[in-house]
Amino acid sequence: MKKIVYWSLIAVSIAASLSCTKNFIEKNTNPNALQDASPEALLAPALHQVVTRNQNRGIRIGNELMQVHVTVVESREFHRYFIRPSEPDWMWRHWYLQLNNIRDIYTSANTSQENGYQTFLGISLILDAWVSSMITDMFGDAPYFEASKGHEGNVQPHFDRQQDIYADIFRKLEEANELLGADVELPEHIKGLDPLYNGAPDAWRRFGNSLYLRLLLRVSGKAASGAIAKIAEIVDTNSGNYPIFTDNSHSAILPTGATQPITSEFFQWRDLDFNGDKGYSEFFINNLNEWQDPRLPRWATQVSGIYAGMPSGYAPGRGVERMSTLLVSLKQDPLLGNIMNCAELQFILAEAALKGYITGDPRSYYEAGVVSAITHWGLEVPEGHLEKNALKWDDNLNFNEKMERIHLQKYYTLFFTDFQQWHEHRRTGHPVLPKGEGLMNDGRMPSRLMYPINVQTLNRANYLEAVQAMGGDDLNVKVWWNTPD
């Protein structure tokens, strides 16, 4: 009941901030009303909107590209690497809308005299980095420094180079770490309006630095990024100043489910819409079967008493039978609100250790990740699980085989985590996915999404400049961090 009341107050607050237009400021401004939405009024709605939109397009596009599940609908062909030009608009539009709200959190907190609002500055910078990274990772060069300035009259923002966007993302995460390091408590009466960490500065700081490591590793193939040295500083040489996730309680999970107001995107979906036209892929199910993984009963239905998958990338007209599919209970599972969890961080550290970026044993990080990924779902790790042949860390494996071990486990850890499986596969080539006979795009995994059609039309000059800089606007153009030095 408290959350319902809170969100009602949020709606009233936002409405008050939008109620006056420039033509009626003097006559119609209520001197007792807020002129700008307060940070606490914007935080929960922005978080909820980003996560639920990610859920919507994650299940539609990301899961099919990465062979989590396969559709039986012939006209939807993401699993064949065919993406219609109309698809990118959804995420572009919704991400930028919430980026505007997130930046307003910073502006509002920065001008407020309320004690404790310093923490909101750090929170806003972390969320800005998160959403901005998703935009540039999906599209490449994109509006960033001039984004969210429509209220200032700039409706045709310049597209910034991805390397410049990442440099500023890292600057923001540095600033957030310092701001939150002051450990300034939010006012008691608004802590509950933070649905992620209840206003705890240390928790937000751990999330920000863990996100920092995700993004540093993503660009670590580019020497100019300075990412390798920074990873070492965060983990080894200056770890005391950069707290990160150390157990599952630190994970960033918006608990979307069946409880208002933080409901899942799938809460009101019909069961048929959630799982009626799709089934898990053979790749997804076969690995879990081989490992006798305890997550299977949490995720999948059985068919004739077994777990079985469908071929991904099957040829048009072939006709396939839907096999094991998503459990309906996942529609209301709070863990599908995952933003970043502790297990993912362990696999980030495992790769960094394997590559010599940090000290420490990659095996230890890998095994911690396997355990954390299972306990994250409230399950027990089966006895001898880490000694199973397909899971066991073997120092005699070559580098590529060790990367495959790490990223195959990471793939399952990123279950329903926006488009992170796809980004990591583009970066590393892992895990190795089987290729179906019906693949389009010459059998190549798309490297990005094309810019939305309305952007091509309404911001054409800047669009053409960006396309020339990137070398084209198609699915196979690689973004900056995915090109060799």
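**Exercise 1. The turn into α15**

D418 is found in the loop between α14 and α15; here helices (DSSP H or I, at least four residues) and strands (E, at least two) are numbered from the N terminus. This is a predicted model in which local features need pLDDT of at least 70, side-chain atom pairs count only at pLDDT 80 or more, and totals for chains, interfaces and linings use all residues. Residues are numbered from 1 along each chain as its sequence is written, and side-chain values use heavy atoms, leaving out hydrogens and water.

Find the phi of D418, and decide whether D418 is buried or exposed.

*Solution.* Start with the backbone: phi of D418 is near 35°, a positive value in a residue other than glycine. Most residues other than glycine have a negative phi, and most peptide bonds are trans. Next comes accessibility: D418 has 11% relative accessibility and so counts as buried (buried is under 20% relative accessible area, exposed over 50%, partly exposed in between, with a 1.4 Å probe and protein chains only).

**Exercise 2. Inside α15**

Work out which residues of α15 are buried and which elements they pack against.

*Solution.* Step one is the list: Q420, Q421, W422, H423, E424, H425, R426, R427 and T428 are buried. That is nine of the nine residues of α15, so the helix is largely enclosed by the rest of the structure. Step two is the surroundings: these residues pack against α3 (39–65), α5, α7, α12 and α14, where contact means heavy atoms within 4.5 Å.

Step three takes one residue, H423, in helix α15 (residues 420–428). Its relative accessible area is 1%. Beyond its neighbours within four places in sequence, H423 is in contact with D137, M138, R218 and W481. The side chains of H423 and R426 are joined by a polar contact of 2.7 Å (a pair of N or O atoms within 3.5 Å; within protein, one must be able to donate a hydrogen and the other to accept it, and residues adjacent in sequence count only if both atoms are side-chain atoms).

Finally, look past the end of the helix: G429 follows α15 with a positive phi, near 80°. A little further on, H430 and P431 are joined by a cis peptide bond with omega of about -10°, and P431 lies in the loop between α15 and α16.

**Exercise 3. A helix pair**

At what angle do α12 and α14 pack, and how far apart are their axes?

*Solution.* First the geometry: helix α12 (residues 342–354) and helix α14 (residues 399–413) pack at about 170°, with axes 9 Å apart. Axes are lines fitted to C-alpha atoms, for helices over the stretch in contact, and angles between N-to-C directions run from 0 to 180 degrees. The two helices are therefore roughly antiparallel to each other, the word used for angles over 145 degrees.

Then the residues: A343, E344, F347, I348, A350, E351 and L354 of α12 meet F399, K402, M403, I406, H407, Q409, K410 and T413 of α14.

Lastly, zoom in on T413, which is found in helix α14. T413 is buried at 8% relative accessibility. Not counting residues up to four places away in sequence, T413 touches R295, N341, A343, E344, F347 and A373.

**Exercise 4. The two faces of α17**

Which residues of α17 are buried, and which are exposed on the face turned away from them?

*Solution.* In helix α17 (residues 460–470), the buried residues are N462, Y463, A466, V467 and M470. They cover an arc of only 135° around the axis, which puts them on the same side of α17; the arc is that of the directions from the helix axis to the C-beta atoms. Turn the helix round, and the face away from the buried side carries the exposed A461 and Q468. The cover over the buried residues includes α5 (118–139), β3 (159–160) and α16 (453–458). Just after the helix, G471 takes a positive phi of about 90°.

**Exercise 5. Y144 and D183**

How far apart are the C-alpha atoms of Y144 and D183, and is each residue buried or exposed, or in between?

*Solution.* The C-alpha atoms are separated by 29 Å, with the residues 39 apart along the chain. Y144 lies in the loop between β2 (142–143) and β3 and is buried, at 2% relative accessible area. Leaving out residues up to four places away in sequence, its contacts include R103, D128, H158 and K172. D183 is found in the loop between α6 (162–181) and α7 (201–218), and is partly exposed at 43%. D183 also has a positive phi of about 55° although it is not a glycine.

Key. Angles under 35 degrees count as roughly parallel, over 145 as roughly antiparallel, 65 to 115 as roughly perpendicular and the rest as oblique.
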